[in-house]
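I opened this entry to keep track of what I looked up, in the order I looked it up. The coordinates come first, then the notes.

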Amino acid sequence: MSERQVELEILRYDPDKDREPRFQAYRVPCPEDWVVLDAINYVKDRLDRTLSYRWSCHMAVCGSCGMMINGEPKLSCKTFLRDQPDRIRIEPLASFPIERDLVVVMGDFMNKLGRVKPYLVPAEKKAVEDGSYLQSPGQLKKFKQYTLCINCALCYAACPQYALNPGFIGPAALALAHRYNSDSRDVGRTARADVVASNEGIWECSFVGACSEVCPEHVDPAAAIQQTKIASTIDYFKDLLLPGRKG
Amino acid sequence: MSAKPYIRPRSTTGWWLEQSRYVRYMAREASCIFIGAYAGILAVGLLRLSQGAEAWAGFLEALQSSASIVFHLLALVFALYHTTTWFNVTPKAMPLQIGDARLPGEAIIAAHYAGWALVSAALLYLAGV
């Protein structure tokens, strides 16, 4: 085991006792194969069982353990201690209200995911016995990267637009809308446009690109939003030139 | 949800200084000010040209002032930054898929640079350089 130790400065907030959050420091060992989540688990198991945080899979799949690590939104299960300095500042995901310690209130994010109708809207509903909706590999490739989102909300914590205007639908929800809009089996684009193409949707994004830089799954929400802007603009001009057109 | 979730204050003016990626973004956005000003100067030049030889000569003389030269150097730097940063993100906004294969982003970026070179060469040719 490595001799190195690191100091975690963890933001603590107890809504029943604290008026505002404060930092609390813990010294933890730093084995070569430990990630930040291992160090937080060490604190919870050995040093301070009052610490609250979310985690589940420890393998960058569940999206639960997102937090600010030295000011950068990261999955704590994917951030190795060996790549971090001796003092690591850990805070709850930025831009979200703090529920307790490192736990944030995700209700706004969940609500926005639901608002973009994140499910297939087929032209004709088929009974299960009629078989599946077919799709070619090329049609799948058009949107596959946008299916990889794990809803970790790191992109929201990185987005300055969401920080300044909490009404913004935000990167992950808009990327998910683009995922379904780009699906050859889906006809829900018009139904999603009320939310997606509104002032609080794609047009609130000014392409900072921070969402794509921090995404642990390389979903690239910034790309999805820019592509939706182009599609929406084409729709606008088609409506202008061909009033009454369908689709 | 707890009865008292804590909402962290956020600066509405200094936020862009918090991370280097935000500073790069603001630099890209600010570059349009120089490009807009340069376009304004070109428009004034056209106006002066339409007003006769004397007006045009005065415009050319003003361009040679040290303030004008400093501005044009700055505008050139910002125009290059503006152009390269936008060209580099074009594969995000305009990905191309041919059949089952995605065209590499580098090819889309290279096509923009090629177009830039072509238009520049055409302009230089028309200007008689």
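**Confidence**

I checked chain B first: its mean pLDDT is 94, and 98% of its residues reach 70 or more. This is a predicted model, and I noted its scores as ipTM 0.87 and pTM 0.92.

**Domains of chain A**

I took the domain assignment of chain A, which gives domain 1 as 5-104 and domain 2 as 107-241. Over C-alpha atoms, I find the centres of domain 1 of chain A and domain 2 of chain A separated by 30 Å. I then looked up the contacts: 14 residues of domain 1 of chain A are in contact with 12 residues of domain 2 of chain A. On the domain 1 side, strand E3 (66-69) and strand E4 (72-75) of chain A each supply at least two residues. E4(A) gives the most to that side, with four residues. I sorted the residues of the domain 1 side by class and got eight nonpolar, three polar and three charged.

**Strand pairing in chain A**

I followed strand E1 (residues 5-12) of chain A next. E1(A) pairs with strand E2 (residues 22-29) of chain A in the antiparallel sense, over eight bridges. In this pairing I find Gln5(A) opposite Pro29(A) in E2(A). E1(A) also pairs with strand E5 (residues 87-91) of chain A, here in the parallel sense and over four bridges. I note Leu8(A) opposite Ile88(A) in E5(A).

**Helix H4 of chain B**

Does the end-to-end distance of helix H4 (residues 105-126) of chain B agree with its residue count, or disagree? I compared the two: at 1.5 Å a residue, the 22 residues of H4(B) should span 32 Å, and the end C-alpha atoms are 32 Å apart, so the values agree. I then asked how many of the 22 residues of H4(B) are buried. The count is zero, and I put H4(B) down as hardly covered. After H4(B) comes Gly128(B), for which I read a positive phi, near 80°.

**Contact between chains A and B**

I looked up the contact between the chains last: 26 residues of chain A are in contact with 19 residues of chain B. Five elements of chain A each supply at least two residues of the side that touches chain B, namely strand E6 (98-100), helix H3 (137-141), helix H5 (160-164), helix H8 (210-214) and helix H9 (221-241). The largest share of that side comes from H9(A), with five residues. By class, I have 15 nonpolar, four polar and seven charged residues on the side of chain A that touches chain B.

Technical notes: Residues are numbered from 1 along each chain as its sequence is written. Chains are lettered from A and ligands numbered from 1 in the order in which they are written. This is a predicted model: local features need pLDDT of at least 70, side-chain atom pairs count only at pLDDT 80 or more; totals for chains, interfaces and linings use all residues. Domain bounds come from an automatic or database domain assignment. Two residues are in contact if their C-beta atoms, placed from the backbone, lie within 7 Å. Ala, Val, Leu, Ile, Met, Phe, Trp, Tyr, Cys and Pro count as nonpolar, Asp, Glu, Lys and Arg as charged, and the others, Gly among them, as polar. pLDDT is the predictor's confidence in each residue, from 0 to 100. Two strands pair if DSSP finds at least two bridges between them. The expected span of a helix is 1.5 Å times one less than its number of residues. A residue is buried if 20 or more other C-beta atoms lie within 10 Å of its own, exposed if 12 or fewer, and partly exposed in between; C-beta atoms are placed from the backbone.
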